[in-house]
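Open the model in your viewer and show it as a cartoon, with side chains hidden for now. The stops below say what to select and what is there.

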Amino acid sequence: MKVFNYTITDPEGVHALPAGGLVKLAKSFGSTITAHGNDKTADVKHVFGLVGLGVKHGQTLTISCQGEDEDEAAKALLRYLKDNL
């Protein structure tokens, strides 16, 4: 399992547009990918769950990837978060 933390830098927090891109990216991997924030957990492959975490600017999102392509998934998701959130 690969786990990493990312502090949201987008002034709007996790919102629909970048979350949609993150979901699309997550769906390209076979691994199970979850996000944890605000004492809630969501499947990163579902946009409503991800946005529903309510993670705001300056808060931390913890991403867990588990499966056959977890290394690649974690690297790609971290890069996406840095570029978009």
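The tour goes from the whole chain to two helices, and then to single residues.

**The whole chain**

Keep everything selected for this stop. What you see is a predicted model. The chain's secondary structure consists of three helices and four strands, and along the sequence they follow the pattern β-α-β-β-α-β-α. The radius of gyration is 11 Å, close to the 12 Å that the globule rule gives for 85 residues, so the chain is as compact as a globular protein of that length. Along the principal axes, the C-alpha atoms fill a box of roughly 35 × 25 × 20 Å.

Switch to a surface view. About 4700 Å² of the chain is accessible, and carbon and sulfur atoms account for 53% of that. Of the 85 residues, 40% are buried. Among contacts between residues at least 6 apart in sequence, 69% join residues at least 24 apart.

**Helix 1**

Return to the cartoon and select residues 16-27, which form helix 1. With 12 residues at 1.5 Å each, this helix should span 16 Å, and its end C-alpha atoms are indeed 16 Å apart. Now show the side chains of Pro 18, Ala 19, Leu 22, Val 23 and Ala 26, the buried residues of helix 1. Turn the view to look down the axis of helix 1: the buried residues fall within an arc of 145 degrees, so they line one face of the helix. An α-helix has 3.6 residues a turn, so residues three or four places apart point the same way.

What does the buried side of helix 1 pack against? Its buried residues pack against strand 2, helix 2 and helix 3. The face turned away from that side carries Ala 16, Leu 17, Lys 24 and Lys 27, which are exposed.

**Helix 3**

Next select residues 70-84. These 15 residues make up helix 3, which should span 21 Å at 1.5 Å a residue; the distance between its end C-alpha atoms is 21 Å, which agrees. Pick out Glu 70, Ala 73, Ala 74, Leu 77, Tyr 80 and Leu 81, the buried residues of this helix. Viewed down the axis of helix 3, they fall within an arc of 135 degrees, so they too line one face of the helix. On the other side, Lys 75 and Asp 83 are exposed.

To see what the buried residues of helix 3 pack against, add strand 1 (2-7), helix 1 (16-27), strand 2 (32-37) and strand 4 (60-66) to the selection.

**Cys 65**

Select Cys 65, which sits in strand 4. Is Cys 65 buried or exposed? At 0% relative accessibility, Cys 65 counts as buried, the cut-off being under 20%. Several of its contacts are in helix 3: leaving out residues up to four places away in sequence, Cys 65 touches residues including Glu 70, Ala 73, Ala 74 and Leu 77, which are among the buried residues of that helix. Cys 65 also touches Met 1, Lys 2, Thr 32 and Ile 33. Draw a distance from Cys 65 to Thr 32: these residues are 33 apart along the chain, and their C-alpha atoms are separated by 5.7 Å.

**Ser 31**

Move to Ser 31, in the loop between helix 1 and strand 2. Although Ser 31 belongs to a loop, it counts as buried, at 1% relative accessibility. The Ser 31 side chain reaches the backbone nitrogen of Glu 70 at 3.2 Å. Not counting residues up to four places away in sequence, Ser 31 touches Lys 45, Gln 66, Gly 67, Glu 68, Asp 69 and Glu 70.

**Asn 38 and Asp 39**

Now go to the loop between strand 2 and strand 3 (40-43), where Asn 38 is placed. Asp 39 is in that loop as well. Neither is a glycine, yet Asn 38 has a positive phi of about 55 degrees and Asp 39 one of about 60 degrees. Asn 38 is partly exposed, with a relative accessible area of 35%, whereas Asp 39 counts as exposed, at 77%.

**Gly 52**

The last stop is Gly 52, in helix 2 (residues 47-52). Gly 52 is partly exposed, with a relative accessible area of 41%. From its C-alpha atom to that of Thr 41, which is 11 residues away in sequence, the distance is 9.4 Å.

Methods: Residues are numbered from 1 along each chain as its sequence is written. This is a predicted model: local features need pLDDT of at least 70, side-chain atom pairs count only at pLDDT 80 or more; totals for chains, interfaces and linings use all residues. Side-chain values use heavy atoms; hydrogens and water are left out. Helices (H or I, at least four residues) and strands (E, at least two) are DSSP runs, numbered from the N terminus. The expected span of a helix is 1.5 Å times one less than its number of residues. Buried means under 20% relative accessible area, exposed over 50%, partly exposed in between (1.4 Å probe, protein chains only). The arc is that of the directions from the helix axis to the C-beta atoms. Contact means heavy atoms within 4.5 Å. A polar contact is a pair of N or O atoms within 3.5 Å; within protein, one must be able to donate a hydrogen and the other to accept it, and residues adjacent in sequence count only if both atoms are side-chain atoms. The radius of gyration is taken over C-alpha atoms; the globule rule is 2.2 Å times the number of residues to the power 0.38. Accessible areas come from the Shrake-Rupley method with a 1.4 Å probe; for residues, only the protein chains shown count as cover.
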